[in-house]
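I opened a fresh page for this chain and went through it step by step. Here are my notes, in the order I took them.

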Amino acid sequence: MGSPGEAERRARAAAANRVLGLYGLRLTAWADRFTLASRTGRTAMVAHFGDLWPAAERLAGRPCDPLDPAVIARLEGPEG
């Protein structure tokens, strides 16, 4: 069984994946870091959430803005 900190990291990754999935990315809690992966198999290690969005933009090859009104609308829509 994992520690409370590990459970929190996994919960944060799950929440981030709702947005990252719109960009073809997936975040996984791994050891004391996160692994960010694209559908094409490119990966990046992310130490903390401050590094997440710049790394996501590098892997996706485009801007990744979790506060973009279009992203929020998709998350709040019937399929979000």
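I looked up the surface first: the chain exposes about 5,400 Å², and carbon and sulfur atoms supply 55% of it. Accessible areas here come from the Shrake-Rupley method with a 1.4 Å probe. I noted that this is a predicted model, where local features need pLDDT of at least 70 and side-chain atom pairs count only at pLDDT 80 or more, while totals for chains, interfaces and linings use all residues. Residues are numbered from 1 along each chain as its sequence is written, and side-chain values use heavy atoms, with hydrogens and water left out.

Next I checked burial: 30% of the 80 residues are buried (under 20% relative accessible area, 1.4 Å probe, protein chains only).

For overall size, I found a radius of gyration of 13 Å, which agrees with the value near 12 Å for a compact globule of 80 residues (taken over C-alpha atoms; the rule is 2.2 Å times the number of residues to the power 0.38). The C-alpha box is roughly 35 × 25 × 20 Å along the principal axes.

Then the fold: I read α-β-β-β-α-α along the sequence (DSSP runs, helices H or I of at least four residues, strands E of at least two).

I followed the hairpin last. Strand β2 (residues 33-38) pairs with β3 in the antiparallel sense over 4 bridges; pairing takes at least two DSSP bridges. Ala-37 stands opposite Thr-43 in β3, and Gly-41 takes a positive phi near 100° in this hairpin, which has 4 residues between the strands. Along β3 (residues 43-46), Ala-44 and Val-46 point to one face and are buried, whereas Thr-43 and Met-45 point to the other and are not.

Methods. Buried < 20%, exposed > 50% of the residue type's maximum accessible area, 1.4 Å probe, protein only.
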